Amino acid sequence: MRLVFAGTPEVAVPALDALIASDRHEVVAVVTRPDAPSGRGRRLVASPVAERAEEAGIEVLKPVKPRDEDFLARLREIAPDCCPVVAYGALLPKVALDIPAKGWVNLHFSLLPAWRGAAPVQHAVLAGDEVTGASTFQIEQGLDSGPVYGVLTEQVRPTDTSGDLLTRLAFAGAGLLTATMDGIEDGTLHPVRQPAEGITLAPKIEVEDARVDWTAPALRVDRLIRACAPAPGAWTVFRGERLKLMSAALVADRTDLAPGELAVTKKAVYAGTGSHALELVWVQPQGKKPMKAADWARGVRIEAGERLGDAP
């Protein structure tokens, strides 16, 4: 099939690579979000998908909105058979959905109808799911509600961050999306309507959602830290400044610390929660680079009874 691939971040690149490598399909163009400011200089930078497409000599379309007439006209000229999508980042209007003969097919990182929305992997980690996965489905006007072509499952490991899990799903999902294109092309694969039961939503996790509540149980705090890594990053406040929490470890045998209370040994930093303590492993003080929590604690000279979580 003639394909127009839509995607934006790094997590979409494995699927683009897999489709480029396919001997059954041709990626004739890529749709991605416009260049965005990045870094301290805030210079405009192309998306990872745009960069990969340009390396491969593939036409790149960067509409401000996918309902822009110039974009729609070019898409009609290209006349794709199907448009595979991975984390494109914009809602597609019906006028765009109607252009490819076989529609738009999304690779979504959950077992639909669970975790419909922008942050399925983060919510799976936050909820303590033991198994998640990826689904390919036909895009329609509803939020991730279209009929499903195929699924794969992936175990959520006890120490997984969202970044860890998403990386594995991106590579496994690339194979699923390619197989879905094959099945659509040869007519052996037909989408099945999602069940009405089991729908859960996964809205974007905002910075304020990532603030740690130290009165919550340790397991809940640990899940929040892992779910928000690498972005937006779980955080708390120490001495009036934000402290980002990059990673932590459960410490079931220490229950002597009040919520947020800190305790420091030569090699470790512990923080109390609503249940037992957590060991802080990596942190990032405001305006500084990530560092080992023990190094941070030595630098700030934590005093007995000091706590995390005071109002900024």
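Which residues of α5 are buried? In this predicted model, they are Pro120, Val121, Gln122, His123, Ala124, Val125 and Leu126. That makes 7 of the 8 residues in the helix, which spans 120-127, so α5 is largely enclosed by the rest of the structure. As for what does the enclosing, the buried residues of α5 pack against two strands, β7 (104-108) and β8 (131-138), and against two helices, α6 (162-186) and α7 (218-227). Just after α5 comes Gly128, with a positive phi near 75°.

Now move along to β10, at residues 234-238. This strand is mostly covered as well, with 5 of its 5 residues buried. Look at one side and you'll find Ala234, Thr236 and Phe238; flip to the other and there are Trp235 and Val237, so to speak, with both faces covered. The partner of β10 is β11 (residues 241-250): the two strands run antiparallel and share 5 bridges. To get your bearings in the pair, find Thr236, which sits opposite Leu243 of β11. The two strands make a hairpin with 2 residues between them, and Arg239 in that turn has a positive phi of about 50°.

Finally, the core. In soluble globular proteins, nonpolar side chains tend to be buried together. Here the largest nonpolar core has 63 residues, and the members touching the most others are Phe5, Leu280 and Trp296. Helix α6 gives the most to this core, with 8 residues. Setting aside neighbours within four places in sequence, Phe5 has contacts that include Ala12, Leu16, Val31, Pro84 and Leu177. Apart from this core lies another one, of 22 residues, including Leu72, Tyr88, Leu92 and Leu97.

Definitions and conventions. Residues are numbered from 1 along each chain as its sequence is written. This is a predicted model: local features need pLDDT of at least 70, side-chain atom pairs count only at pLDDT 80 or more; totals for chains, interfaces and linings use all residues. Side-chain values use heavy atoms; hydrogens and water are left out. Buried means under 20% relative accessible area, exposed over 50%, partly exposed in between (1.4 Å probe, protein chains only). Helices (H or I, at least four residues) and strands (E, at least two) are DSSP runs, numbered from the N terminus. Contact means heavy atoms within 4.5 Å. Two strands pair if DSSP finds at least two bridges between them. A nonpolar core is a set of buried Ala, Val, Leu, Ile, Met, Phe, Trp, Tyr and Cys residues joined through side-chain atoms within 4.5 Å.
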